[in-house]
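Hi there,

Here is the structure I promised to pass on to you. Have a look around it first, and then read my notes below.

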Amino acid sequence: MDAILEKLTNPGFDLEKVRSDFAYLELEGPIIYLDNAATTQRPNQVIDRMSDFYRFENGNPLRGAHRLGAAATEAMVNSRARVAKFINSKSVREIIFTRNASEALNLVTYTWALDNLKPGDQILITRMEHHSNFVNWQFAAQKTGAELSFIELTSDYQLDMADYKSKISERTKVVAFSAASNVLGTMPDTREIIKIAKQHGALTVVDAAQLVPHIKVDVQDLDCDFLAFSGHKMLAPLGIGVLYGKAEILNKISPFQYGGEMIEYVEDQSSTYAEIPYKFEAGTQDVGGMVGLATAIDYLEDVGLTNIAEYEAALADYCVAELEQLPDLEIYHPRQGVKGPAIAFNVMGAHPHDVATILDYHGVAIRAGHHCTQPLHRYLGQNSTNRVSFAFYNTKQEIDLFIEALHDVRDIMQLG
Ligand SMILES: Cc1ncc(COP(=O)(O)O)c(C=O)c1O
């Protein structure tokens, strides 16, 4: 506990300065925002950069010959380069802008999966997937006749690697998994999962929506085929996301959506398509979101991804230790290994929505529900749970207030 408290006191970055960048902390009736896995807050720098884009660089990218069209195109090109550098992709062409992680994962389903899967093939996903990396694979299985199988969890809410090894075979054509659970905080050994998938010739799809905001990601080091994430979970605006894909695969697969800017030549009865990534970006793109994302990346790197990972881990460990002191509380979060800053729990005898509502009276914002993971909740034996999830702008004091408010829940609900 000493090391945790030391990290919370000396996070390795200027926490006060960071907090001054987030306007929501100036609201009257302070908000303790512990719902970062749903969406993070945005620092002023991101909002200002987007505002500047719409004020001074607003044209339709890739179209206008005029100065403002060129400015928007340049903003798009620079933002793509920033994302490529951030996740260390070999080429900027491997970065496809989408609306969010869900759309990025759907892109893989509608293109690679529908073109390549057939009856007898196996799709392997995990028990802890968000619906965004679950329902799309159900759809692919239903459309192609492939079988959908699941890697189960251990009693410590870790991915069961023995179960994985027992289920993967030459029939497995794709392993699609979350690198960090939005409910449990579980962070499986992504590199090892990919290595084993490759040994069996399976494609790998990483749902990194809850990983990229917290830990440095290097797609070349991971050697994944696809990796998806959302800007809004990492300080960027709602409505911008990324699909990374290896160029050799992207070059081979069909377009996702059809229309403007994704074509090369259009004849009466057929068309040829633009080079990657434009082949996958039909219609006018959200350049305001892209510049916001690029600025969010600058911000995260200024604070330092290592600082962020260590500080958030200390917040989560401290919170779990405090939750463990409370009676009649179930915690759904691994106690061993690397884990992300999301912790699900239930106050026995109190409905999660009642808990969240009472906490809201105290200004504490947490999530209640199934968090888009109904199959995981069935496995947990719960219809719903509460979830706290941290970002690097949260503090120990905020966790203390959250725990105090949980005591009030017990009083109000007369839980003894
Ligand atoms: C692990 C995980 N994957 C995918 C998603 C989908 O993200 P989005 O709603 O931004 O598409 C989420 C969102 O909560 C998530 O937590």
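Let me start with one residue, serine 230. Setting aside its neighbours within four places in sequence, serine 230 is in contact with Asn100, Ala101, Ile240 and Gly241. Please keep in mind that this is a predicted model. Serine 230 belongs to strand β7, which covers residues 226-230. A polar atom of the serine 230 side chain lies 2.7 Å from the backbone nitrogen of alanine 101.

Is serine 230 buried or exposed? Its relative accessibility is 3%, and buried means under 20%, so serine 230 counts as buried.

For a contrast, go to glutamine 199, which sits in helix α8 (residues 190-199). Glutamine 199 has a relative accessible area of 55%, and the cut-off for exposed is over 50%, so this residue is exposed. You can also use glutamine 199 to get a feeling for distances: from its C-alpha to that of histidine 353 there are 45 Å in space, and the two residues are 154 apart in sequence.

Now for the overall layout. The domain assignment splits the protein into domain 1 (2-40 + 304-412) and domain 2 (47-301). Notice that domain 1 is written as two stretches of sequence. Taken over C-alpha atoms, the centres of domain 1 and domain 2 are 28 Å apart.

How many residues of each domain are in contact with the other? On the side of domain 1 there are 40, and they meet 34 residues of domain 2.

The size of an interface is often given as the accessible area lost when the parts come together. Here, domain 1 and domain 2 bury about 2900 Å² between them, with 59% of that on carbon and sulfur atoms. Within domain 1, the residues that lose the most area to domain 2 are Leu305, Leu376 and Tyr379, which together make up 21% of what that side buries.

What about polar links between the domains? Across this interface there are zero salt bridges by the rule used, but 24 residue pairs are in polar contact, both residues being at pLDDT 80 or more. On the side of domain 1 that touches domain 2, the elements giving two or more residues are α12 (305-324), β11 (329-332), β12 (342-347) and α14 (374-380). Helix α14 gives the largest share, six residues. Sorted by class, that side of domain 1 has 23 nonpolar, 12 polar and five charged residues.

Enjoy exploring!

Best wishes

Conventions: Residues are numbered from 1 along each chain as its sequence is written. This is a predicted model: local features need pLDDT of at least 70, side-chain atom pairs count only at pLDDT 80 or more; totals for chains, interfaces and linings use all residues. Side-chain values use heavy atoms; hydrogens and water are left out. Domain bounds come from an automatic or database domain assignment. Contact means heavy atoms within 4.5 Å. Buried area is the accessible area (1.4 Å probe) that two parts lose on being put together, summed over both. A salt bridge is a side-chain nitrogen of Lys or Arg within 4 Å of a carboxyl oxygen of Asp or Glu. A polar contact is a pair of N or O atoms within 3.5 Å; within protein, one must be able to donate a hydrogen and the other to accept it, and residues adjacent in sequence count only if both atoms are side-chain atoms. Helices (H or I, at least four residues) and strands (E, at least two) are DSSP runs, numbered from the N terminus. Ala, Val, Leu, Ile, Met, Phe, Trp, Tyr, Cys and Pro count as nonpolar, Asp, Glu, Lys and Arg as charged, and the others, Gly among them, as polar. Buried means under 20% relative accessible area, exposed over 50%, partly exposed in between (1.4 Å probe, protein chains only).
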